[in-house]
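Let's take a friendly walk through a protein model. Have a look at the structure below, turn it around a little, and then read on.

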Amino acid sequence: MGSDTPKEFLYEGINVEYKERAAQQDRHHLIVVFSGFRPSTSPYDFDGAASLTLRSHMLWIRDDFGGKMTYYIRDKNGYKISEAVNALIESTRISLGLRKDQCTFIGFSKGGTAALYHGLKFEYPNILVSAPRIRIGSANQDQRPDIIEGMTKSGSPAEIEELDNLLPDLIRAQESSSTNLYWFSSLADHFHATETGPILHELRKYRNFNYFETNSDLVRRHKDVTLYNMALILSILGALGEGAAPHFGECPNGGRSNSGKAKRSLEDIRKTRETITELSALRVSGGRLWVQGLAFAKGVPAPRPNHIRTELVLRGSNSTHRFGLQQVENPRLSNRYYESAFCDYSYGAHSSAGGIDLSEVPDGCYTLETNFRQAKIDYPPYATTWAGDASVSVQGESILQLRPSPHGALLTKRPLLSGTPSNFHFKLADSWLKSNTFHIRGSFVVQGQEASKHQDVKYWAVFVSDEGEEVQSIPLFTYREEFDGNTFGDPWGIYTHSHFATRRNRGTQLPKLSLNVFDVKIVAVYANGAVCSLPTGIRVLPSDNGEFSLQHSVADTNC
């Protein structure tokens, strides 16, 4: 959020990927963010809503060098990566006209290691780290051998020792300096004893060493340290961005509840029978129903998946169908729903895992409800309200539609080939089949079913065998083109997106068809729930070599 598209900085043959965001107002400060272990879909730490509160120039650097993570320090060939990263930082700093004391390096976990290394190695005075890893070699030898493979030639004991000594040697080599060092840790972090603990006495030589050791029920894991202290971290970064380096010293923070008082508080909360029920994601895709949400009773612990049993209920006029959901770990729930005393809600979230197969559900309209059982108590079902976007998917010969409504989410299952319109315009602009790659483009406009944007209608090409025993489909894309509603007496209707084609008109792979003759139909599914279908006049014919060809007998149609 708020950052530009990733860019690349080239230094002596090494590409460094980064993103940046300009400072706000008249601020003259640079914050460099080194990331921890992140998923490939989101490789930058601290690139969310929290960073938007900071007014400094932001520089995010990605730890990806030849597909390997290197702690921003070295690969198996040496320390050129750290030189390349420093060159990018220096280039940015100089272009902004800043001094080194107008820069702050930050990082969490692996990112904290990199912030420490680059801050100390290249003499940048402002460093903020949370739960950093210190003994890089030992820390990753067993847990992340891929890291060792990328940072060493063979992972030998000597190379592991070299990695372990990088940061301790840097710290010991420095005399008492003007470094402003802000360090967050917790005894509850299982890495503390081997990472922060052994080096702590060495850090006290820094005149402005600030150490926050968190003791809280809400900090139980390595990653909790940063989450718990985010407000304090942001305040320090805000102060540094204004040129004011705060001094705190060593500050224990957090607080654990008195066991007796906590027990009484949780008992009072449980008596209210209040529940947390929330839907975070709901869609149909790939012929399945996908669900994510929360359902748990306040004050009732759920530290393990078997402490809650959740099911989704599809309730129709003629039948009801129940599907078990999978409990999903989300330790942040305990922070989010903390109320007077700690309660472990780690498994209060649920999902449909690989999606819910609706093939055995009969055609019809269904409301969605969620039931859950916790601590031997069955809690009343709640309607699965959903304010998100409608979604649609094809499952075999059926169309699945999921739509929000004032009474909760509605799921409709109906035959794919139904609802031939009475007043429409159809035009086939182009179609071909080459090496079993199929393309079709045209217009299918239905009077009264306006389509002013892409979300208003979705199209499928449906292949129906001569006997009607086999039905296959491929999704198509909508595109914008003007259409005169006077064609069928509707001059005020907006039908600009009532046009279909394969993606970029390049065609798409045919579905796996048997060696039969197939008629091609177009199905339009509208956001209001309407489904319309029409034959195109195209037939798919098999050949002896296993490929197919097209036969056309089509004309433009107005009806």
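## A pocket to start with

Which helix gives the largest share of the lining of the largest pocket? That helix is α7, made of residues 224-228, and its share comes to three residues. Before going further, please keep in mind that this is a predicted model.

The largest pocket has a volume of about 780 Å³. Its lining is made up of 24 residues. If you want to find the middle of this pocket on your screen, look for Arg 38, Asp 45, Lys 223, Thr 226 and Arg 332, which lie nearest its centre.

## The chain as a whole

Now let's step back. The protein chain has 559 residues, and 52% of them count as buried. Ten helices and 32 strands make up its secondary structure. Measuring along the principal axes is a job for the computer: the computed box filled by the C-alpha atoms is roughly 85 × 65 × 50 Å.

How do parts of the chain that are far apart in sequence meet? Take the contacts in the protein chain with a separation of 6 or more: 67% of them join residues 24 or more positions apart.

## Surface and charge

The protein chain exposes about 25,700 Å². Carbon and sulfur atoms supply 48% of that area.

How many side chains of each charge does the protein chain have? There are 60 positive and 62 negative ones. The centres of these two sets lie 5 Å apart.

## A space inside

A pocket is open, but a model can also hold enclosed space. Rolling a probe the size of a water molecule over the atoms shows where empty space is left. Counting cavities of 30 Å³ or more gives one, and the largest cavity holds about 30 Å³ of space.

Which residues line the largest cavity? Among them are Leu 266, Ile 269, Lys 298 and Gly 299. The lining also includes Tyr 337, Tyr 338, Glu 339, Ala 341, Cys 343 and Tyr 345.

## Two buried residues

Is Asp 164 buried or exposed? Asp 164 counts as buried because its relative accessible area is 9%, and the cut-off for buried is under 20%. You can find Asp 164 in helix α5, which covers residues 157-173. Leaving out residues up to four places away in sequence, Asp 164 touches Ile 134, Arg 135, Ile 136, Gly 137 and Ser 138.

Val 219 sits in the loop between β8 (208-214) and α7, the helix we met at the pocket. With a relative accessible area of 1%, Val 219 is buried too. Its contacts, again without residues up to four places away in sequence, are Ser 186, Ala 188, Thr 214, Asp 224, Val 225, Tyr 228 and Arg 256. Val 219 and Gly 254 are 35 residues apart along the chain, yet their C-alpha atoms are separated by 8.9 Å.

## Two positive phi angles

Finally, visit the loop between β27 (499-501) and β28 (508-509), where Arg 504 is found. Asn 505 is found in the loop between β27 and β28 as well. Arg 504 has a positive phi of about 55° although it is not a glycine. For Asn 505, also a residue other than glycine, phi is near 60°, a positive value.

How accessible are they? Arg 504 counts as exposed because its relative accessibility is 58%, and exposed means over 50%. Asn 505, at 40%, counts as partly exposed.

Conventions
Residues numbered from 1 in each chain as written. Predicted model: local features only at pLDDT ≥ 70, side-chain atom pairs only at ≥ 80, totals over all residues. Heavy atoms only, no water. Helix = DSSP H or I, 4+ residues; strand = E, 2+ residues; numbered from the N terminus. Buried < 20%, exposed > 50% of the residue type's maximum accessible area, 1.4 Å probe, protein only. Contact = heavy atoms within 4.5 Å. Areas by Shrake-Rupley, 256 points an atom, 1.4 Å probe, with all protein chains shown as cover. Lys, Arg positive; Asp, Glu negative; His and termini not counted. Charge placed at Lys NZ, Arg CZ, Asp CG, Glu CD. 1 Å grid on protein atoms, 1.4 Å probe; cavity = no way out; pocket = protein on both sides within 12 Å on 5 of 7 lines; lining within 4 Å. Points joined across faces, edges and corners; volume = space filled by probe spheres on them.
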